[in-house]
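Here are a few exercises to work through with the model open beside you. Try each task before reading its solution.

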Amino acid sequence: MFQFIVDTLIRTADLSLVALGLSLVYGLVRFANIAHVQYAMVGAFLTASGMKMGMPFSLAVLFSALSCGILAVLLHHWVFQRLVSAGPANAMIGSLAVSMVMIALMLGVAGSAPVSYNLPLGTVWQWGDTRVSTDELMSLGATVAIIAIFSVLLFFTPQGRSVRALASNRELAAASGLNANAIIHTVNMVAGMIAATGGSLIAMNSSAYINQGNDLMLPVLAAAILGGLGNPMGAIFGALLIAVTETLVTNIDWGVFYSTEGVFMPTTWINAASFVILLLALLLRPYGLFNREVRRV
């Protein structure tokens with residue numbers, strides 16, 4: 001039972017930061033940026049590059065986050081801002097094209113082989129049947145800290161109130177003197193930095209690889225939709241629901257129905273199980289679980 005809880009929390013941490021940024025940007029620009037998940041992949045490789053240049057892990061993550069934040073701003077300014085003017089459907093399809101270009105470019109630069117961070121071997125803690133590594137605890141702690149800092153900035157600072165005001169009513173916010181373009185560019189930079197950090201933390205427990213963004217795409221979109229697109233805090237709860245579903249599917253021993261033991265679902269069914277939950281939720285709550293927030297935003 002405790003191992004299930006630990007695995008669920010770690011998977012939630014993997015999805016939360018990317019889903020949070022995706023939902024945050026959607027609240028301002030009104031389209032689901034498919035390329036957002038690739039910031040996690042690019043961030044993971046940039047962290048590996050920083051470490052190869054002699055940076056400590058924390059400094060390499062900061063370098064990666066700042067680089068991806070700048071990349072997110074440039075892409076929004078030169079590409080997505082123009083695509084949005086043609087409609088959200090065009091912008092979403094265009095973001096998918098940008099995603100494929102980013103993968104191709106990174107493939108040409110970094111190659112197809114996974115890249116490990118070569119961090120010192122962490123300690124594995126064990127209590128009964130529950131096992132967790134220090135790297136996993138570090139990743140979980142860093143995710144909680146980032147979410148806490150983000151929440152404080154969003155709900156208790158003038159800048160956060162400006163973001164929420166712009167998301168709620170763009171015309172009224174403009175009439176109040178808010179600089180919409182500056183806020184949107186700032187939010188894109190923050191979202192890109194958070195996604196890159198999330199990708200780096202995921203790679204810390206495995207490796208950086210080209211398909212990392214694609215593997216995150218479906219569960220991250222599901223988490224953002226479940227929480228209500230435009231509601232960044234709801235996206236975290238959506239990530240928790242997706243993580244519970246994925247962990248449950250891979251931990252249930254279905255052998256009890258066949259008078260045997262050790263019958264588990266293949267890991268390739270994980271995304272299917274997540275989307276069954278998403279489909280059921282949308283049938284009951286078409287705007288996501290936090291539909292009030294979505295309509296307000």
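**Exercise 1. The cores**

Task: In this predicted model, find how many residues the largest nonpolar core has and which of them have the most contacts inside it.

Solution: Start with the count: the largest nonpolar core has 50 residues, and Leu28 and Tyr117 have the most contacts inside it. Next, ask where the core comes from. Helices α1 (2–29), α2, α3, α4, α5, α6 (158–168) and α8 (180–204) each supply at least two of its residues. The largest share, 11 residues, is from α8. Now select Tyr117 and skip its neighbours within four places in sequence: the contacts are Ala44, Thr47, Ala48, Met51, Phe57, Ser200, Ala203 and Met204. Finally, look for a second, separate core; it has 22 residues, including Val18, Ile34, Leu221 and Ala223.

**Exercise 2. Checking a helix**

Task: Compare the end-to-end distance of helix α4 (residues 88–110) with the span expected at 1.5 Å a residue.

Solution: The expected span is 1.5 Å times one less than the number of residues. With 23 residues, α4 should therefore span 33 Å, and its end C-alpha atoms, 32 Å apart, agree with that. Next, list the buried residues of α4: Ala91, Gly94, Ser95, Val98, Ser99, Met102, Ile103 and Met106. Their packing partners are α2 (36–52), α3 (57–84) and α9 (212–227). One last step along the chain, just after α4, brings you to Gly111, with a positive phi of about 85°.

**Exercise 3. Buried or exposed?**

Task: Classify Ser139, Ala224 and Val276 by relative accessible area.

Solution: The cut-offs are under 20% for buried and over 50% for exposed, with partly exposed in between.

- Ser139, in helix α5 (residues 134–156), has 3%, so this serine is buried. Beyond four places in sequence, Ser139 contacts Leu201, Met204 and Asn205.
- Ala224, in helix α9, has 0%, so this alanine is buried. Leaving out residues up to four places away, Ala224 touches Ala19, Leu22, Ser23, Leu229 and Ala235.
- Val276, in helix α11 (residues 270–284), has 47%, so this valine counts as partly exposed.

**Exercise 4. A surface patch**

Task: Find which residues make the nonpolar surface patch that includes Val276, then relate Leu280 to Ala224 in sequence and space.

Solution: Begin at Val276 and add Ile277, Leu279, Leu280, Leu283 and Leu284; together they make a patch of about 610 Å². Then take Leu280 from that patch: this leucine and Ala224 are 56 residues apart in sequence and 15 Å apart in space, C-alpha to C-alpha.

Definitions and conventions: Residues numbered from 1 in each chain as written. Predicted model: local features only at pLDDT ≥ 70, side-chain atom pairs only at ≥ 80, totals over all residues. Heavy atoms only, no water. Helix = DSSP H or I, 4+ residues; strand = E, 2+ residues; numbered from the N terminus. Buried < 20%, exposed > 50% of the residue type's maximum accessible area, 1.4 Å probe, protein only. Contact = heavy atoms within 4.5 Å. Patch = residues over 30% accessible without salt bridge, like charges linked within 9 Å, V, L, I, M, F, W, Y side chains within 5 Å. Areas by Shrake-Rupley, 256 points an atom, 1.4 Å probe, with all protein chains shown as cover. Salt bridge = Lys/Arg side-chain N within 4 Å of Asp/Glu carboxyl O. Core = buried A, V, L, I, M, F, W, Y, C linked by side-chain atoms within 4.5 Å.
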